[in-house]
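Subject: A structure to look at

Hi,

Here is the structure I promised to pass on to you. Please open it next to this email and follow along as you read.

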Amino acid sequence: MAQAKIQAKMNDATCSKFSRTMSMADRSGQLLESLDQLEMRVEALRETASSMELEREFILEMIQSIQNGQELRNISAGEKEELSLTANRLMGRTLSVEISVGTIRNSQQEEALHKATSVIDEIVKKLLDNMDSGRQQLQSLHAACVTEATHVPIDQKFQAMVISCALEDQKKIKRRLETLMRNVENAEKNIKIMDHQKLEDPKTNGCQ
């Protein structure tokens with residue numbers, strides 16, 4: 001009789017343990033499913049923030065293009081002042097929007113990013129002294145960041161640095177180089193236009 005009771009209790013304990021284990025597994029599965037759904041929302045959040053970051057950069061670049069464009073020089077002083085004030089106001093409002101998407105990096109990626117950034121910074125410093133040489137160097141760096149074939153010589157050393165960077169940093173490096181190349185191209189166009197106007201100015205040529 002006593003043995004039967006002991007066996008019955010053991011059976012009850014086994015059933016109870018089995019049910020509890022299944023319940024814990026169910027709860028674990030539900031939590032994992034919730035985390036999977038949250039992970040998708042996190043990635044969507046990061047993508048949205050990155051898109052907003054790109055939009056902010058694009059707007060700033062467009063405002064600067066208008067501020068430095070030739071069209072602004074060909075209007076009256078009053079209209080120019082009004083447009084400049086509007087552009088400055090828009091610039092200030094755009095800069096007041098702060099968007100930051102952090103990138104998780106290991107020590108190797110941190111070092112690679114620092115080296116790649118330093119290379120670009122050095123070229124930017126030299127742009128004012130020799131814009132043509134700087135443009136060629138930027139093109140060489142940009143060629144190291146693209147996968148498609150290019151006729152521009154590739155900076156192999158810089159390419160190794162970029163490859164060692166985190167994927168998000170690789171995209172940002174490429175985007176920065178593209179922005180710098182556009183700025184150099186616009187600056188060269190403005191210089192040529194201004195120089196052409198100077199040559200055609202009768203007063204400059206000594207003609208009355």
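Below is what turned up, going from the overall fold to single residues.

Please keep in mind that this is a predicted model. The protein has six helices and zero strands, so reading from the N terminus you meet the elements in the order α-α-α-α-α-α.

Some totals to set the scene: of the 208 residues in the protein, 20% are buried. The surface that the protein exposes comes to about 15,700 Å², and carbon and sulfur atoms supply 57% of that area. Taking the contacts between residues at least 6 apart in sequence, 69% join residues at least 24 apart.

Now to the charged side chains. How many salt bridges does a search of the whole structure find? The count is nine, and three of them are described here.

One of these pairs is Glu168 with Arg46, whose side chains meet at 2.8 Å, N to O. Glu168 belongs to helix H6 (residues 167–200) and Arg46 to helix H1, so this salt bridge ties together parts that are 122 residues apart in sequence. Both ends are partly exposed: Glu168 has a relative accessible area of 32%, and Arg46 has one of 26%.

Another salt bridge sits within one helix. Lys115 and Glu111 are both in helix H3 (residues 107–126), four residues apart, which is about one turn of the helix. Their side chains meet at 3.3 Å, N to O. Lys115 is partly exposed at 41% relative accessible area, and Glu111 is partly exposed as well, at 46%.

There is also a network to look for: salt bridges with shared partners join Arg105, Glu110 and Asp169. Within it, the closest N and O atoms of Arg105 and Glu110 are 3.8 Å apart. Why does that still count as a salt bridge? The cut-off is 4 Å between a side-chain nitrogen of Lys or Arg and a carboxyl oxygen of Asp or Glu, so the pair qualifies. Arg105 is partly exposed, with 28% relative accessibility, and Glu110 is partly exposed too, with 40%.

Last, a nonpolar spot on the surface. Leu32, Leu35 and Leu38 make a patch of about 290 Å² there. If you want a place to begin, try Leu38, which is found in helix H1 (residues 2–68). Leu38 counts as partly exposed because its relative accessibility is 45%.

Enjoy exploring it!

Best wishes

Methods
Residues numbered from 1 in each chain as written. Predicted model: local features only at pLDDT ≥ 70, side-chain atom pairs only at ≥ 80, totals over all residues. Heavy atoms only, no water. Patch = residues over 30% accessible without salt bridge, like charges linked within 9 Å, V, L, I, M, F, W, Y side chains within 5 Å. Areas by Shrake-Rupley, 256 points an atom, 1.4 Å probe, with all protein chains shown as cover. Helix = DSSP H or I, 4+ residues; strand = E, 2+ residues; numbered from the N terminus. Buried < 20%, exposed > 50% of the residue type's maximum accessible area, 1.4 Å probe, protein only. Contact = heavy atoms within 4.5 Å.
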